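Reader: Could you take me through this model step by step, giving the reasoning behind each assignment before the result?

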Amino acid sequence: MIEAMCAAATLDAWLNRAAGRIATALGLTRAEARLEARVLAAHALRVNRAWLAAHGDDSLAPAQAAAMERCIARRLRGEPVAYITGRREFYGLEFIVTPDVLIPRPETELLVDLALERLPLERPCRVLDLGTGSGILALTLAHSRPKAEITAVDRCPAALAVARRNARALGLERVRFVRADWYPQGGVNSFDMIVSNPPYVAEADPHLAQGDLRFEPRGALTAGSDGLAAIRVIVAGAPARLRPGGWLLLEHGRDQPESCRSLLMQAGFTRIYTHADLAGLPRVSGGRLPGLESDGP
């Protein structure tokens, strides 16, 4: 197959053929497949996509076509683009990703939006990110709230290594990373906000055998028979770690908002709400610990 792709006369011809193969193999639209082909080609050639657009009529050297074909072959086996390139954009920042962490998804940007609405810009605050993975929540919040003191927790050493690499790459090494199974020791009544994108997929969910989910770390996806095991632990432990008036914000599945709101109510939270993502799906629920009701949004 590499020889066949090398026969493409120009870069654009190669991209068109690669997009057709991706669309057929993975059931994507032509536009989706062409975007993936361009991302993979840019990665293989170590150029940006603007360079590809400017050099579409260039003839390909065999070594260039072979490098791109290796990336395409991995994609045709179903491997996620983010794991092939080792990068994924999130909230305007570029993050390193590996198979040790979940792939950042656009819907999680809603959790960042809602957190930023409740975090002060001009004064210090303390934030706890539970199940940080690649660090996207902690580091994005740190980037937007430079006075915030942020602690990011994960139980997986390999995930924490990725998060620390991202902190260095983004110049946000003030974020503190801690290995723990959810809540670290200490921190009683000390945080203004707890955020989490925890595992929330049921262990028997058929979607786990489809698409990118097949390649992502199962422990970062699933949480018991109903997908709520991690959320229960987080909600139950939050009141002891939050200051009066502090917020807990959680991402969850589309079928879990009522359960999340019920757990928040049972734990004593007030101003409980659920917010839908851009697709109209209930995605984030949160609540506020009683106290200081006039302080902040």
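**Helix packing and aromatic contacts**

Author: In this predicted model, helix α3 (residues 30–45) packs against helix α5 (residues 62–76) at an angle of about 130°, and their axes are 9 Å apart.

Reader: Which class does the angle between α3 and α5 fall into?

Author: The two helices pack at an angle of about 130°. Angles over 145 degrees count as roughly antiparallel and those from 65 to 115 as roughly perpendicular, with the rest counted as oblique. The crossing itself, in which α3 passes α5, is right-handed. The class of α3 relative to α5 is therefore oblique.

Reader: How do α2 and α3 pack, and what is the hand of their crossing?

Author: Helix α2 (residues 11–26) and α3 pack at an angle of about 125°, with 8 Å between their axes. That angle makes α2 oblique to α3. As for the hand, the crossing of α2 and α3 is right-handed.

Reader: How many helices and strands does the protein have, and what percentage of its residues is buried?

Author: The secondary structure of the protein comprises 11 helices and 9 strands, and its C-alpha atoms fill a box of roughly 70 × 40 × 35 Å along the principal axes. Of the 297 residues in the protein, the buried ones make up 50%.

Reader: How many aromatic pairs does a search of the whole structure find, and how is the pair of Phe 90 and Tyr 91 classed?

Author: The search of the whole structure finds 3 aromatic pairs. In one of them, the rings of Phe 90 and Tyr 91 lie 6.3 Å apart centre to centre, with 40° between the planes. Since planes under 30 degrees apart count as stacked and those over 60 as edge-to-face, the pair of Phe 90 and Tyr 91 is tilted.

Reader: Are Phe 90 and Tyr 91 buried or exposed, and which residues make up their aromatic cluster?

Author: Phe 90 has a relative accessibility of 0% and so counts as buried, whereas Tyr 91, with a relative accessible area of 26%, is partly exposed. The one aromatic cluster that they form has three names in it: Phe 90, Tyr 91 and Phe 95.

Reader: What is the geometry of the pair formed by Trp 247 and Tyr 273, and which strands hold these residues?

Author: The ring centres of Trp 247 and Tyr 273 are 6.2 Å apart and the planes stand at 75°, so the pair is edge-to-face. Trp 247 counts as buried at 4% relative accessibility, and Tyr 273 is also buried, at 16%. The pair ties together parts that are 26 residues apart in sequence, because Trp 247 lies in strand β7 (residues 242–251) and Tyr 273 in strand β8 (residues 270–276).

Reader: Over which rings do the charged ends of Arg 126 and Arg 241 sit?

Author: The charged end of Arg 126 is placed 4.8 Å from the centre of the ring it sits over, that of Phe 191. For Arg 241 the distance is 4.3 Å, and the ring under its charged end is that of Tyr 183.

Reader: How many disulfides does a search of the whole structure find?

Author: A disulfide is a covalent bond between the sulfur atoms of two cysteines. Among the cysteines, Cys 71 counts as buried at 9% relative accessibility, and Cys 260 counts as buried at 0%. A search of the whole structure gives a number of disulfides equal to 0.

How values were computed:
Residues are numbered from 1 along each chain as its sequence is written. This is a predicted model: local features need pLDDT of at least 70, side-chain atom pairs count only at pLDDT 80 or more; totals for chains, interfaces and linings use all residues. Side-chain values use heavy atoms; hydrogens and water are left out. A disulfide is a pair of cysteine sulfur atoms within 2.5 Å. Buried means under 20% relative accessible area, exposed over 50%, partly exposed in between (1.4 Å probe, protein chains only). Rings of Phe, Tyr and Trp (its six-membered ring) pair if their centres lie within 6.5 Å; planes under 30 degrees apart count as stacked, over 60 as edge-to-face and the rest as tilted. Helices (H or I, at least four residues) and strands (E, at least two) are DSSP runs, numbered from the N terminus. A charge sits over a ring if NZ of Lys or CZ of Arg is within 6 Å of the ring centre and within 35 degrees of the ring normal. Axes are lines fitted to C-alpha atoms, for helices over the stretch in contact, and angles run from 0 to 180 degrees between N-to-C directions. Angles under 35 degrees count as roughly parallel, over 145 as roughly antiparallel, 65 to 115 as roughly perpendicular and the rest as oblique. A crossing is left-handed if the near helix is turned anticlockwise from the far one by less than a right angle, and right-handed if clockwise.
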